[in-house]
Amino acid sequence: MTAQTATPRSLPRPTQPALLPPVAREARYGFTTQQVHAGADTGPVGHGDRVAPIHVSAGFRFEDPDTAAARFSGEADGFVYSRIANPTTAALERRLAALEGGADALVVGSGQAAITTALLGLLQSGDHLLASDHLYEGSRGLFSENFARFGIEVDFVEDHADPAAWRRLLRPTTRALFAESLSNPRNEVLDVAAVAGVAHAHGVPLVVDNTLATPYLLRPLEHGADVVVHSASKFLSGHGTALGGVVVVGRGFDWGAHDDGGAPRFPQLSEPSAVLGGRSWADLHGERCYAEHARHHVAARFGPVLSPFNAFLVQQGVETLSLRMAQHCRSAALLAAWLERHPAVERVDHASLASSPSHQRARRYLPRGSGAVLAVTLRGGAPAARRFIGALELFSHMTHLGDVRSLVVHPASTTHAHRTEAERERAGVHPGTVRLSVGIEDVEDLQADLRRALDAA
Ligand SMILES: Cc1ncc(COP(=O)(O)O)c(C=O)c1O
């Protein structure tokens, strides 16, 4: 099959069996039950496997020409080509949709790909994106540099806890709001409901990056968000072995709405499309139009595919998510409280601490824990941070987070090195700041390692 035939004029639909197999559809089942059962049905090409197998097939045979035509026209369900859907990635999609409480999910090759796919499904040249100022640096660069080259404008909201600050920066052309539920690296908690309220009053969706919280700690769709994205490379996969990303779409957003001037807010969804033979994505798919368009028209075209092998690794990780998150959060909170009292430490940013500006929001949104990423600022500045990192034994020095192993990085000289000093200060990245991602090792061992490194610093 050529790439040309894999992106047909009409609509190839992957098989989408019921979102949850009976066992996980039962409301009485909890998160941990769902994380090992939801979406486990492998669909018509499965053979009763208990674990979704790795389908390493680029495409899928058609039984006959009529079936081929019907799959391309969208009249028949079935897999066509793995750039669009694959049984292994579809199983993961069903599971992640269930865990986030979403209607649809689309997995892609990385967190960056998930953010790009989610937002390019909403934005076009001339549109405006309003994003929190407290973001992963990769997202910031994507918005302010790459999206700018597509003619998409962006503003960053400095005080993301203040709904009025969001409202002030809205424009008639704003088509999406974007924020992290738990910010990287400062562990600030988003008031999801308040920001969703601002977005909806303007008729646009709120997209939330839920990477650091995971659905075990927070399900943004339940608080009013419309789309959730993740870097699955972090806590979802959990073992530092695979890159992946996911876009989860909620229910109830009116994708066909018009703006005050009577123009459709999302013409790519509500206007007739040549690809669909003159119908629109909204006509064909109703409430599911955004997800279908993102899959077939954005991801399938730009091509950021998640390999079935990586989907399998992410799925394996997800099956222990709640157990790992509980341990990550418990240890991170204990270490944050201890570090805050240590004489070599100037400041600790973790929402579990009463000193955190996010503490009240954490009590409301994160009853199971405030995540495992914290920013620790040492009194001795950059030289102390270098000595500290050099003396750590259990913490791996690398730019990653959400691994079972504990990790450390010095943001000012790495992730945030290209920012001005003033910007770094605003982001809470001081010369002496190190970012810790607390793993699942015994907390006593982690504390001993940190104590030794603080002595050296
Ligand atoms: C909050 C957040 N979102 C997105 C990403 C990007 O994910 P990936 O590295 O899988 O592309 C990261 C990476 O660190 C992140 O921390």
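1. Start with helix 6, residues 111-120: this helix gives the largest share of the shell around the ligand, 3 residues. Keep in mind as you look around that this is a predicted model.

2. The shell around the ligand counts 14 residues, and the ones that come nearest are Gly111, Gln112, Asp209, Ser231 and Ser233. Sorted by class, the shell holds 8 polar, 3 charged and 3 nonpolar residues.

3. Three side chains are worth a click. Asp209 has a side-chain N or O atom 2.6 Å from a nitrogen atom of the ligand. The two serines face oxygen instead: a polar side-chain atom of Ser231 is 2.8 Å from a ligand oxygen atom, and for Ser233 the distance from such an atom to an oxygen of the ligand is 2.5 Å. On its own, the ligand has 390 Å² of accessible area, and the protein covers 91% of that.

4. Where does the ligand sit? You'll find the ligand in the largest pocket.

5. Now on to a sheet. It's an open one, built from 5 strands with mixed pairing, and the order runs 8-9-12-11-10. Strand 8 (345-349) and strand 10 (396-397) are the edge strands, each pairing on one side only.

6. Inside that order, have a look at strand 11 (residues 407-409) and strand 12 (residues 433-437), which pair in the antiparallel sense over 3 bridges. Which residue of strand 12 is the bridge partner of Leu407? That would be Ser437.

Methods: Residues are numbered from 1 along each chain as its sequence is written. This is a predicted model: local features need pLDDT of at least 70, side-chain atom pairs count only at pLDDT 80 or more; totals for chains, interfaces and linings use all residues. Side-chain values use heavy atoms; hydrogens and water are left out. A residue is near a molecule or strand if one of its heavy atoms lies within 4 Å of it. A polar contact is a pair of N or O atoms within 3.5 Å; within protein, one must be able to donate a hydrogen and the other to accept it, and residues adjacent in sequence count only if both atoms are side-chain atoms. Accessible areas come from the Shrake-Rupley method with a 1.4 Å probe; for residues, only the protein chains shown count as cover. On a 1 Å grid over the protein atoms alone, a cavity is a set of points where a 1.4 Å probe fits but cannot get out, and a pocket is an open set with protein on both sides within 12 Å along at least five of seven lines; lining residues have an atom within 4 Å of a point. A molecule sits in a cavity or pocket if more than half of its atoms lie within 2 Å of its grid points. Helices (H or I, at least four residues) and strands (E, at least two) are DSSP runs, numbered from the N terminus. Ala, Val, Leu, Ile, Met, Phe, Trp, Tyr, Cys and Pro count as nonpolar, Asp, Glu, Lys and Arg as charged, and the others, Gly among them, as polar. Two strands pair if DSSP finds at least two bridges between them.
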